[in-house]
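Dear colleague,

Please find the structure below, together with its sequence. My findings follow directly after it, and I would be grateful if you read them with the model open.

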Amino acid sequence: MLQIVSESPGISMGELSERMYLHISTSTGVIDRLEKKNLLLRKRSHADRRVIRLFITSKGRQTIRRIPMGMLGLLTREIEELRDSDIHVIWTGLNRLLKLLQLKKSHTDG
């Protein structure tokens, strides 16, 4: 999240959630913790008071420099470049895999 906010200052919470493929409530919890650690700032939009914009703090920038982006960050960037149809194929495959894993787990639990 810090990386995305640093690359897109003023990103809304909704936009950030979409880019990370997370539900807004999940993002809000993470943003709460990052804000408590003084890594992010929330500011209400002047144009629309319902919209909250996110900004990285200097402490957040220092944190990003210390922590390598890793494969997840690279994967996220690559996914952003995919067409919607390709994302749908991946999503369908992952859902099928999860169902298979859940089925296997239920057989081993019983």
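Y21, just after helix 2, adopts a positive phi of about 60°. Please bear in mind that this is a predicted model.

Helix 2 itself spans residues 13-20, and M13, L16 and S17 are its buried residues. These three cover an arc of only 100° around the axis, so they lie on the same side of helix 2. This fits a general rule: an α-helix has 3.6 residues a turn, so residues three or four places apart point the same way. The cover over the buried residues of helix 2 includes helix 1 (2-7), strand 1 (11-12), helix 3 (24-36), strand 2 and strand 3.

Among the elements just named, helix 3 deserves a closer description. Its packing against helix 2 has an angle of about 105°, and the two axes are 9 Å apart. Since angles of 65 to 115 degrees count as roughly perpendicular, helix 2 is roughly perpendicular to helix 3. On the helix 2 side, the contact is made by M13, G14, L16 and S17, which meet I24, S27, T28 and I31 of helix 3. By residue type, this contact comprises 4 nonpolar, 4 polar and no charged residues.

M13, which belongs to helix 2, may be taken individually. Its relative accessible area is 9%, and because buried means under 20%, M13 counts as buried. Beyond its neighbours within four places in sequence, M13 contacts I24, T28, I31, R42, I52 and L54. For one of these partners, I31, the C-alpha atom lies 8.7 Å from that of M13, although the two residues are 18 residues apart along the chain.

The last site concerns a loop. S45 is located between strand 2 (40-44) and strand 3 (52-56). Is this loop residue buried or exposed? With a relative accessible area of 11%, S45 is buried. Which backbone nitrogens does the side chain of S45 reach? A polar atom of the S45 side chain lies 3.2 Å from the backbone nitrogen of A47, and the side chain also reaches the backbone nitrogen of D48, at 3.3 Å. When residues up to four places away in sequence are not counted, S45 touches V51 and R53.

With kind regards

Methods: Residues are numbered from 1 along each chain as its sequence is written. This is a predicted model: local features need pLDDT of at least 70, side-chain atom pairs count only at pLDDT 80 or more; totals for chains, interfaces and linings use all residues. Side-chain values use heavy atoms; hydrogens and water are left out. Helices (H or I, at least four residues) and strands (E, at least two) are DSSP runs, numbered from the N terminus. Buried means under 20% relative accessible area, exposed over 50%, partly exposed in between (1.4 Å probe, protein chains only). A polar contact is a pair of N or O atoms within 3.5 Å; within protein, one must be able to donate a hydrogen and the other to accept it, and residues adjacent in sequence count only if both atoms are side-chain atoms. Contact means heavy atoms within 4.5 Å. The arc is that of the directions from the helix axis to the C-beta atoms. Axes are lines fitted to C-alpha atoms, for helices over the stretch in contact, and angles run from 0 to 180 degrees between N-to-C directions. Angles under 35 degrees count as roughly parallel, over 145 as roughly antiparallel, 65 to 115 as roughly perpendicular and the rest as oblique. Ala, Val, Leu, Ile, Met, Phe, Trp, Tyr, Cys and Pro count as nonpolar, Asp, Glu, Lys and Arg as charged, and the others, Gly among them, as polar.
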